[in-house]
Each structure stands twice: as structure tokens, then as C-alpha cells.
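Biologist: Could you give me a close look at a single part of this model? I would like to see how that part sits in its surroundings, with the cut-offs spelled out as you go.

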Amino acid sequence: MNNMTPVTRQEVLGLYRKVLQIAKNWQSASGQIEETTREKEYIRNEARTLFRKNKNVTDPKLIKQCIEECEARIEIGLHYNIPYPRPIHLPPMGLAHKQGRTLRHQEKLRKISKPIYLKSHDEIS
């Protein structure tokens, strides 16, 4: 975060505070205390892990991408009341023609089609 502009630094720290505030006030969809506690802890741990992982990112495009991912995950989590990333549902071989394509190409297409809110999730899981 050393090479960030002051505005970007404030934006990132503001997002971190927002996520921690969401965790503090989180209520699970089931309303069960154990599940609420587990989900609150997940939100805090996920935030710590991702923000620490990305703290040395200096490329403005990557910083913007991380900010967009964070904002998307916040919106989706609040909208669906689920703190975990929503999976994408694609048929196993549904992105490319069935003839003449290699499995590697299929995997590449699946990776490209991944929504922004899941970009960093696979890297830490």
C-alpha cells in the first residue's frame, strides 16, 4: 500500500472497515447463533486474508480490480445474505465446441469466464 495514492489508500482502508463492520453486524439467514458466529468469523478471516495478500500490490489496474472484487462481494453477500462467494454454474464442456478443443483450452475458457467476485477466491482456498 506504500505506492498508492492517498485517495486509493483511503478507499481501500474504508472498504476494509466496511467489511469488518458488516461482520460485526452480520446475522445468518437461519438466525441460529452458531451459524451467525461461524459466518461472522468467516467474513473477518476472509477480509484479513485477502487484504493482507494484496497489501503489496502496486499496479493501479490490479488495485482497481481488487477494489471492484471487494465491492462486488459485499453487494452479493448483503443481497443474498450469504457471506460465501456464490459459485458459477457452467456445464462441464459448455464453453467450447465439442470437436477439436483440448481440455486445457476448456480450462482457460472457464477461468476467463469467472466472475470478478471469484477472482481471488480460488487463489486462497
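Modeller: What follows is a tour of one helix and its surroundings.

Happy to! This is a predicted model, so local features need pLDDT of at least 70 and side-chain atom pairs count only at pLDDT 80 or more, while totals for chains, interfaces and linings use all residues. Residues are numbered from 1 along each chain as its sequence is written, and side-chain values use heavy atoms, with hydrogens and water left out.

First, the setting. The chain holds 5 helices and 0 strands, where helices (H or I, at least four residues) and strands (E, at least two) are DSSP runs numbered from the N terminus. Of the 125 residues in the chain, 29% are buried; buried means under 20% relative accessible area, exposed over 50%, and partly exposed in between, with a 1.4 Å probe and protein chains only. Contact here means heavy atoms within 4.5 Å. Among contacts between residues at least 6 apart in sequence, 63% join residues at least 24 apart.

Now to the part itself, helix H1, residues 6–25. The expected span of a helix is 1.5 Å times one less than its number of residues. For the 20 residues of H1 this gives 28 Å, and because the end C-alpha atoms are 28 Å apart, the two agree. The buried residues of H1 are Thr-8, Val-12, Leu-15, Val-19, Ile-22 and Ala-23. Around the axis they cover an arc of only 105°, so they are on the same side of H1; the arc is that of the directions from the helix axis to the C-beta atoms. On the other side of H1, the exposed residues are Pro-6, Val-7, Gln-10, Arg-17, Lys-24 and Asn-25.

What lies over the buried side? H2 and H3 are among what covers the buried residues of H1. Take Leu-15: leaving out residues up to four places away in sequence, Leu-15 touches Phe-51, Ile-67, Cys-70, Glu-71 and Ile-74. Leu-15 is also one of the residues with the most contacts inside the largest nonpolar core, along with Val-19, Ile-43, Ile-63, Ile-67, Cys-70 and Ile-74. That core has 14 residues, and H1, H2 and helix H3 (60–80) each supply at least two of them. The largest share, 5 residues, comes from H1. A nonpolar core is a set of buried Ala, Val, Leu, Ile, Met, Phe, Trp, Tyr and Cys residues joined through side-chain atoms within 4.5 Å. In soluble globular proteins, nonpolar side chains tend to be buried together.

Cys-70 deserves a second look. At 13% relative accessibility, Cys-70 counts as buried, whereas Cys-66 is partly exposed at 27%. A disulfide is a pair of cysteine sulfur atoms within 2.5 Å, and by this rule the count comes to 0. The cysteine sulfur nearest to that of Cys-66 belongs to Cys-70, 9.2 Å away.

Back on H1, Gln-21 is partly exposed, at 41% relative accessibility. Gln-21 and Arg-44 are 23 residues apart in sequence, yet their C-alpha atoms are 9.5 Å apart in space.
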